[in-house]
Amino acid sequence: MIGFKAMPPDPVHTVTLACHPETPTEAVRGIAARVRRAPRGSLAVTYIVEGDLDQLRVPAPRAPRSAGRLWEHTCCEIFIARKGLAAYHEFNLSPSGEWAQYAFDGYRKPAEAGAAGAAPQVTVRGAAGRFEIDAVIHLDRLSAAHARADLSLALSAVIEDSDGALSYWALRHAPGKPDFHHPQAFALELKADG
């Protein structure tokens, strides 16, 4: 009889985002994120935003599509870099179901080739006092190397209060004003083997 060794499930990394000290809000109790490498070279991320949703501007649901300037309102963001490289990709995920993708050759330096066609699969759920955004990002659509590489991730969120004030949340904030692109923000590392 041939024995098969069961493969351990890919670990789920659960992290808590912190509000930037210069952009406080009383409307949000907390923001957490769960991240894991999913089957077939993809990355699964879930953001959980808890708070008084009546005190927030949460975009109304729309058909999933690419949209610009989502960071000006409530949205969650993930930045993906191959460990040790300056180039990275940014995904904005709106509670509306809309998304945006950007590619950079280095710190805030847009890639000349632009972003690859790597539309994430976005699902949004709401409940009393919380909403969740799930996204599946196909790493092989960023590059063949992304699906096999160790990754460095920056996780963040922009939250718009009902009065229009923005608060900025991140796994790790760099010194100074909010800057999700800063190399110090890439605080979560995922190994290629899970």
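Modeller: Buried means under 20% relative accessible area, exposed means over 50%, and partly exposed lies in between (1.4 Å probe, protein chains only). This is a predicted model, in which local features need pLDDT of at least 70 and side-chain atom pairs count only at pLDDT 80 or more, while totals for chains, interfaces and linings use all residues. Residues are numbered from 1 along each chain as its sequence is written, and side-chain values use heavy atoms, with hydrogens and water left out.

Colleague: Thanks, that helps! Why does Leu-43 count as buried?

Modeller: Start with its place: Leu-43 sits in strand β3 (strands are DSSP runs of E, at least two residues, and helices are runs of H or I, at least four, numbered from the N terminus). Leaving aside neighbours within four places in sequence, Leu-43 is in contact (heavy atoms within 4.5 Å) with residues including Val-35, Ile-78, Val-136, Leu-153 and Leu-190. It counts as buried because its relative accessibility is 0%.

Colleague: How far apart are the C-alpha atoms of Leu-43 and His-181?

Modeller: Along the chain, Leu-43 and His-181 are 138 residues apart. In space, their C-alpha atoms are separated by 19 Å.

Colleague: Which element gives the largest share of the largest nonpolar core?

Modeller: A nonpolar core is a set of buried Ala, Val, Leu, Ile, Met, Phe, Trp, Tyr and Cys residues joined through side-chain atoms within 4.5 Å. The largest one here has 34 residues, and Leu-43, Tyr-47, Ile-78, Ile-80, Leu-153 and Leu-155 are those with the most contacts inside it. Elements giving it two or more residues include β1 (13-19), β2 (28-38), β3 (42-51) and β10 (151-160). The largest share, five residues, comes from β10.

Colleague: How many residues are in the other core?

Modeller: This core lies apart from the largest one. Among its members are Tyr-88, Ala-154, Ala-170 and Phe-186. The number of residues in this core is 10.

Colleague: Which residues in β9 is Tyr-47 in contact with?

Modeller: Tyr-47 is one of the residues with the most contacts inside the largest core. Beyond four places in sequence, its contacts include Leu-17, Ala-32, Ile-78, Leu-93 and Leu-155. Strand β9 covers residues 130-138, and from that stretch Tyr-47 is in contact with Phe-131, Glu-132 and Ile-133.

Colleague: How many bridges pair β3 and β9?

Modeller: Two strands pair if DSSP finds at least two bridges between them. Here β3 and β9 run in the antiparallel sense, with Ala-44 opposite Val-136 in β9. Strand β9 is mostly covered, as seven of its nine residues are buried. The bridges between β3 and β9 number nine.

Colleague: And which residue takes a positive phi in the hairpin of β8 and β9?

Modeller: Seven bridges join β8 (residues 121-127) to β9, and the two strands run antiparallel. One place to look is Val-124, whose bridge partner in β9 is Ile-133. Two residues lie between the strands of this hairpin, and the one with a positive phi, near 75°, is Gly-129.

Colleague: Where is Arg-108 found, given its positive phi?

Modeller: Most residues other than glycine have a negative phi. Arg-69, in the loop between β3 and β4, instead has a phi near 60°. Arg-108 has a phi near 55°, and it counts as partly exposed because its relative accessibility is 44%. You will find Arg-108 in the loop between β6 (99-106) and β7 (109-110).

Colleague: Is Arg-125 buried or partly exposed?

Modeller: Arg-125 lies in strand β8. Beyond four places in sequence, it is in contact with Thr-46, Phe-131, Glu-132 and Asp-134. Its C-alpha atom is 9.5 Å from that of Ile-48, although the two are 77 residues apart along the chain. With a relative accessible area of 37%, Arg-125 is partly exposed.

Colleague: How many disulfides does the structure hold?

Modeller: A disulfide is a pair of cysteine sulfur atoms within 2.5 Å. For Cys-19, the nearest cysteine sulfur, in Cys-76, is 13 Å away. The sulfur of Cys-75 is 6.7 Å from that of Cys-76, so the two are too far apart for a bond. The number of disulfides in the structure is zero.

Colleague: Last one: what is the relative accessible area of Cys-75?

Modeller: Let's set two cysteines side by side. Cys-19 counts as partly exposed, with 23% relative accessibility. Cys-75 is buried, and its relative accessible area is 0%.
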